[in-house]
Amino acid sequence: MASILRSPQALQLTLALIKPDAVAHPLILEAVHQQILSNKFLIVRMRELLWRKEDCQRFYREHEDSVVSASREIAAFFPDFSEQRWYEEEEPQLRCGPVRYSPEGGVHYVAGTGDLGPA
């Protein structure tokens with residue numbers, strides 16, 4: 001797996017949700033995953049979950065296109081993820097690279113750390 005050198009420009013967090021109809025078809029899910037990777041996005045956390053209809057309705061009702069909303073949404077999907085810690089500790093390392101992708105962990109990590117991604 002090749003190492004990716006990153007730009008000195010600051011990274012931004014983006015939450016990507018893949019809807020159930022895509023996840024239900026392994027080939028479609030793999031195509032979506034490959035599209036993310038081919039566009040040089042870094043995957044820093046990945047999680048599969050099953051939501052009830054009520055959870056989905058609440059999520060979309062609260063959804064707004066703003067930084068505050070994105071932070072709230074990331075916290076909902078990754079409750080143990082510290083956005084502040086990520087920006088202070090992980091983002092500079094990922095931004096400056098080199099970065100590798102771990103197919104086993106499904107995330108990118110700083111090359112040379114010997115790690116398979118964040119805990």
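Modeller: Happy to walk through this predicted model with you. A residue is called buried under 20% relative accessible area, exposed over 50%, and partly exposed in between.

Biologist: Good start! Why is Glu 89 called partly exposed?

Modeller: Its relative accessibility is 40%, and values between 20% and 50% count as partly exposed. Arg 85, at 37%, gets that label too.

Biologist: And how do you know whether Glu 90 is buried or exposed?

Modeller: Glu 90 has a relative accessible area of 15%; the limit for buried is under 20%, so Glu 90 is buried.

Biologist: What makes Glu 89 and Arg 85 a salt bridge?

Modeller: Their closest N and O atoms are 3.1 Å apart, and the cut-off is within 4 Å, so the pair qualifies. Both residues sit in helix α5, 4 residues apart, about one turn of the helix.

Biologist: How do you know that Arg 45 pairs with Glu 90, and what does that pair tie together?

Modeller: The closest N and O atoms of Arg 45 and Glu 90 are 3.0 Å apart, which is within the 4 Å limit. Arg 45 belongs to the loop between α2 and α3, and Glu 90 to helix α5, so the salt bridge ties together parts that are 45 residues apart in sequence.

Biologist: What makes these residues one network?

Modeller: Arg 85 also forms a salt bridge with Glu 90, with the closest N and O atoms 3.3 Å apart. Through shared partners, Arg 45, Arg 85, Glu 89 and Glu 90 are joined into one network.

Key: Residues are numbered from 1 along each chain as its sequence is written. This is a predicted model: local features need pLDDT of at least 70, side-chain atom pairs count only at pLDDT 80 or more; totals for chains, interfaces and linings use all residues. Side-chain values use heavy atoms; hydrogens and water are left out. A salt bridge is a side-chain nitrogen of Lys or Arg within 4 Å of a carboxyl oxygen of Asp or Glu. Helices (H or I, at least four residues) and strands (E, at least two) are DSSP runs, numbered from the N terminus. Buried means under 20% relative accessible area, exposed over 50%, partly exposed in between (1.4 Å probe, protein chains only).
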